[in-house]
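Dear colleague,

I am handing over the structure we spoke about, and below it you will find my notes on what turned up when I went through it. Please read them with the coordinates open beside you.

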Amino acid sequence: MMVKTAKTNTRTFTQNARRAQIVQAAIETLAESGYAKTSFTRISQRAQLSSTGMISYHFSGKPELFAEVVHTIMEKADSIAGARMSEANTYRGKLSAYITAQFDFVARYPLHTQALTEIVWMIRDRQITGLEHTERSILSVDRLVSLLEQGRAAGEFADFDCLAMALAVRGAITSVLGHHLCDVAMDLDRCARELADMFDRCTRAVPRTP
């Protein structure tokens, strides 16, 4: 992350603006055309660039561009989740906030969600190499594990394996959102509330009887 920051600090305002423009065009192209049809030509056309060479000037290739796309999307998602979780005063509240924030992000940024899904499929179908670190970042549940461990230590959560529970939470969210991508009529607010309530009930500490 420090290397990335150093590189960012050496770019001019214009260069950063152009990179952001290309990343946004890549997000829209991935979401609307799918990864199989996402090319520098299509991205440059959407970004209204004079040639694909302008993309190559800012990004060494698809791996670097798509890694930046993932970073941009996840940074936005983490910002929403972080804001929601900071409003909660308990770890149980933070867990519910984490879950509902995932659905809030999808509702507010459907193109970003679809683009991230396309990149995951692209990696798993072995259509592109050089994104191994990016894949690990997408699949990471470290933040959620840390939250569960802190809540367990504070006595708000039951004694369970935090990694297993984090994977269960993430898996449930991913499953529901996967169905949403095929059914836009799905009530995301209701699903968010149901999942938040379900995991609150199955993670909360059981009061000890005298």
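The lining of the largest cavity is made up of three nonpolar residues and two charged ones, with no polar residue among them. Please keep in mind throughout that this is a predicted model, and that the values below are computed from it. The residues in question are Val120, Arg124, Glu135, Ile138 and Leu139, and under the classes used here Val, Leu and Ile count as nonpolar while Glu and Arg count as charged. Two helices, α7 (110–124) and α8 (132–139), each contribute at least two residues to that lining, and the largest share, three residues, is supplied by α8. The volume of this cavity is about 30 Å³, and the structure holds one cavity of 30 Å³ or more. As background to such a search, rolling a probe the size of a water molecule over the atoms shows where empty space is left.

Helix α7 also carries Met122, and here the question is whether the residue is buried or exposed. Met122 has a relative accessible area of 3% and is therefore buried, given that buried means under 20%. In space, the C-alpha atom of Met122 lies 6.4 Å from that of Tyr35, although the two residues are 87 apart in sequence.

Just ahead of α7, in the loop that joins α6 (91–108) to it, sits Tyr109. Its relative accessibility is 22%, so Tyr109 counts as partly exposed, a class that runs between the 20% limit for buried and the 50% limit for exposed. Tyr109 can be set against Cys182, from which it is 73 residues away in sequence and 16 Å away in space, C-alpha to C-alpha.

Next comes helix α10, which spans residues 162–182, and its relation to two other helices. Its axis and that of helix α11 (residues 188–203) come within 11 Å of each other and cross at roughly 165°. Because that angle is over 145 degrees, α10 is roughly antiparallel to α11, and the crossing of this pair is right-handed. What, then, is the angle at which α9 and α10 cross? The axes of α9 (residues 142–153) and α10 come within 9 Å and cross at roughly 125°, and the two helices are therefore oblique to each other. The passage of α9 across α10 is likewise a right-handed crossing.

Within α10 I also looked at Thr174, which at 47% relative accessibility counts as partly exposed, since exposed is reserved for values over 50%. The C-alpha atoms of Thr174 and Val70 are separated by 16 Å, with their positions 104 residues apart along the chain.

One point of backbone geometry remains, and it concerns Gln48, whose phi is near 60°, a positive value in a residue other than glycine. Gln48 is placed in the loop between α3 (40–46) and α4 (53–58), and with a relative accessible area of 72% it is exposed.

If you go through the model yourself, the cavity lining shared by α7 and α8 and the two crossings that involve α10 are the places where I would be glad to have your reading alongside mine.

With best wishes

Conventions
Residues are numbered from 1 along each chain as its sequence is written. This is a predicted model: local features need pLDDT of at least 70, side-chain atom pairs count only at pLDDT 80 or more; totals for chains, interfaces and linings use all residues. Side-chain values use heavy atoms; hydrogens and water are left out. On a 1 Å grid over the protein atoms alone, a cavity is a set of points where a 1.4 Å probe fits but cannot get out, and a pocket is an open set with protein on both sides within 12 Å along at least five of seven lines; lining residues have an atom within 4 Å of a point. Grid points are joined across faces, edges and corners, and a volume is the space filled by probe spheres set on the points. Helices (H or I, at least four residues) and strands (E, at least two) are DSSP runs, numbered from the N terminus. Buried means under 20% relative accessible area, exposed over 50%, partly exposed in between (1.4 Å probe, protein chains only). Axes are lines fitted to C-alpha atoms, for helices over the stretch in contact, and angles run from 0 to 180 degrees between N-to-C directions. Angles under 35 degrees count as roughly parallel, over 145 as roughly antiparallel, 65 to 115 as roughly perpendicular and the rest as oblique. A crossing is left-handed if the near helix is turned anticlockwise from the far one by less than a right angle, and right-handed if clockwise.
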